[in-house]
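User: Could you take a close look at one part of this model for me, the small open sheet, and then walk me through a few buried residues in the helices? I would like to know what each of them touches.

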Amino acid sequence: SKEKADGKKSKSKRVECCGYPVSIFFIVVNEFCERFSYYGMRAVLVLYFKYFLLWDEDLATSIYHAFVALCYLTPILGAIVADSWLGKFRTIIYLSIVYAIGQIVMAVSAIHDITDTDRNGTPDNMTFHVALSMLGLVLIALGTGGIKPCVSAFGGDQFEEHQTTQRSTFFSVFYLCINAGSLLSTIITPILRSKECGIHSQEQCYPLAFGVPAVLMVISLVVFIAGSGMYVKAAPQGNIILQVCKCIGFAIKNRFKHRSSKYPKREHWMDWASEKYDKLLIVQIKMVLKVLFLYIPLPMFWTLFDQKGSRWTLQATTMDGDIGLIVLQPDQMQTVNPILILTLVPIMDRIVYPLIKKCGFNFSPLKRMTVGMFLAAMAFVAAALVQLQIDKTLPVFPSSSQAQLNLLNIAESGVTVTIPPNECPNLWPVLYIAFMCGIVLFTVHISYLSRFVNALSTPVNVSTKAANYETISPLLFSNYSLIPQGKHTFNITNGVQKCEYTKILGYGAAYTILLPSCCHPHTITPCEIQPNSVSIALQIPQYFLITAGEVVFSVTGLEFSYSQAPSNMKAVLQAGWLFTVAVGNFIVLIVAELAKIPQKWAEYLLFACLLVAVCVIFSIMAYFYTYMDPAAIEAQYREEKELEPEEKEQLEMTKDQVVNTTEDVDVFSRRTKIYSVHFNHKLVHISEIKFLAEKWSARFYQYI
């Protein structure tokens, strides 16, 4: 093993290929499989809540964002466990096992046949499926969040100090694998979900959509373990986040103890920790707190951004997925985001930013983040405009306190049809009843569910390639079945007569099909809800705006945080950044559950207005922010710490004399400049000497 500044590293058989440690190839494959697993499961999650667990849109949205928030809270826990107790390697192993178990539990929770005792395609014990799915989501959140801060850092540990170029290439490939896994999974898992599977009845295949990500997570774990003998494993050295929290806690506690006016005030409240903690650590925490203060408005951006996986996916279910060459599933629209990221990042870095700089504009990181927030707000304005177009095509459904009943009198009278209680209102919004002489086909709005009502005096059998219905007794209806959109031929027989009926079923439509006793089919058009007609392609502008906002906001924000963080505090700011994502998702949860805005377009505009307001506040905060050079500030305090006590006294006397010679300087710079001078052959950084007048600058250097 080799002793390094960052601690001892365990012995390993180091093998290189093309100048790179072979161990990183296991890490890259591991990351690709893990990201495929996470984003693949997440792509179909909100539809699983709505159409399998039968939750309403607000509850589905709330649970979805609670899960995402938990995924961004657990990285802090994972970092503490890895740095203080288990080390990165064992933390990744243990939490990946938890992660894989969670994915398997989710796949099992989606198997409807487990509790479908009457074999009608609907689970009879929904509590069982809800409990399993919630357990699975908690385990997944612990796993994916816990390993998030460990995998990339563990990959960086595999390189020697001289391999800076290879390390940089590794992180680029690592980021590429994240986006590749996200892109492929959001294409594949919606296709798997749209398939039909089941033991007793064929339903949408959520077990397969969750099962494939579970298999990928198991593969990820196996691949990572396979490279165990080649890894460089750094021993845990203690977590800086805990140290920072303890220092802040002591400062608050000490300040509270000395709150009396008899105690002299200190320049900064963190200075109350100087009795116990090193001055350099306190200065570093001050720099971190200065950046964290800027983070306060940031959660609002994530409030809007993460709704592309919930509200926007639900919006897509009311649109026409046929865009000509292909038919898109509602949850496949999320693939637009990773495609645009891979396209826009190089365009912004190589074209847009250099062009702005050449034009003479100071497009600083904080200004970029402000623009990113504004673009996200405009994305929700675009979503509101799309929703207005959708609302024009949707039928008027009854509210929660109302019901609709359409009666079709087919030539005969005197027959009563009894509707069993609790059969209809929670499953489909508009009820059609045909009296005598007919069969009614229902395709529930925003899904492919259908069922037949037999209004004949004899039992009827109905079948098609897409679904099989049990024998329908007179004046009763069949079970619901999944029928995909497209052209379908129904074979109908009552034991004596047999006929076929062909109909093109549109996505989101409801059809009433009546068959007279002579078995010559015809359609009663007044009872038909038209298919979705607004093209799903209209969502592309809002996805473009939100992704452009993400590239300008998120990438720049991470770069800004890294540049403004002290050398040993970058993990603290990373934890703070992830915490803003979690808070943003909690805001969605609160709005979805408390606001209950009936018009979706109004909700989109509300979020857009909130982000614009926050954008204005952030721009004001950014205007007054002074950029720091953490390395220079740290070097100053390290050099002062190395000075002998007598030299410190001489230095302080010199500072006082210098300040006294500048009494007639009436203009000071707004920003602190650090001047380097030689004092007794040692480099000393004198801060807070603010000169604008050139003559006094020359006199200052001459005096020293």
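Analyst: Happy to help; here is the sheet, followed by three helix residues taken one by one.

A word on the ground rules: this is a predicted model, where local features need pLDDT of at least 70 and side-chain atom pairs count only at pLDDT 80 or more, while totals for chains, interfaces and linings use all residues. Residues are numbered from 1 along each chain as its sequence is written, and side-chain values use heavy atoms, with hydrogens and water left out.

Let's start with the sheet. Its 3 strands form an open sheet in the order S11-S14-S15, with antiparallel pairing. Strands here are DSSP runs (E, at least two residues), helices are runs of H or I with at least four residues, and both are numbered from the N terminus. Two strands pair if DSSP finds at least two bridges between them. At the edges sit strand S11 (461-463) and strand S15 (498-505), each pairing on one side only. From one strand to the next, the twist averages 25°, with axes fitted as lines to C-alpha atoms (for helices over the stretch in contact) and angles running from 0 to 180 degrees between N-to-C directions. S11 is joined by 3 bridges to strand S14 (residues 486-493), and the two run antiparallel. Within this pairing, Asn461 stands opposite Thr493 in S14.

Now to the helices. Met217 lies in helix H7 (residues 206-226). Met217 counts as buried because its relative accessibility is 0%; buried means under 20% relative accessible area, exposed over 50%, and partly exposed in between, using a 1.4 Å probe and protein chains only. Leaving out residues up to four places away in sequence, Met217 touches Glu34, Ser37, Ser96, Tyr99, Ala100 and Gln103, where contact means heavy atoms within 4.5 Å. Phe36 is 181 residues from Met217 along the chain, yet their C-alpha atoms are separated by 8.2 Å.

Next comes Leu314, which belongs to helix H11 (residues 311-316). With a relative accessible area of 2%, Leu314 is buried too. Its contacts, again without residues up to four places away in sequence, are Val46, Leu47, Lys50, Glu57 and Thr61. One of these, Lys50, is 264 residues from Leu314 in sequence and 9.1 Å away in space, C-alpha to C-alpha.

Finally, Asn337 is found in helix H12 (residues 336-358). Asn337 is buried, at 7% relative accessible area. Beyond residues up to four places away in sequence, Asn337 touches Phe305, Lys308, Tyr543, Thr547 and Glu550.
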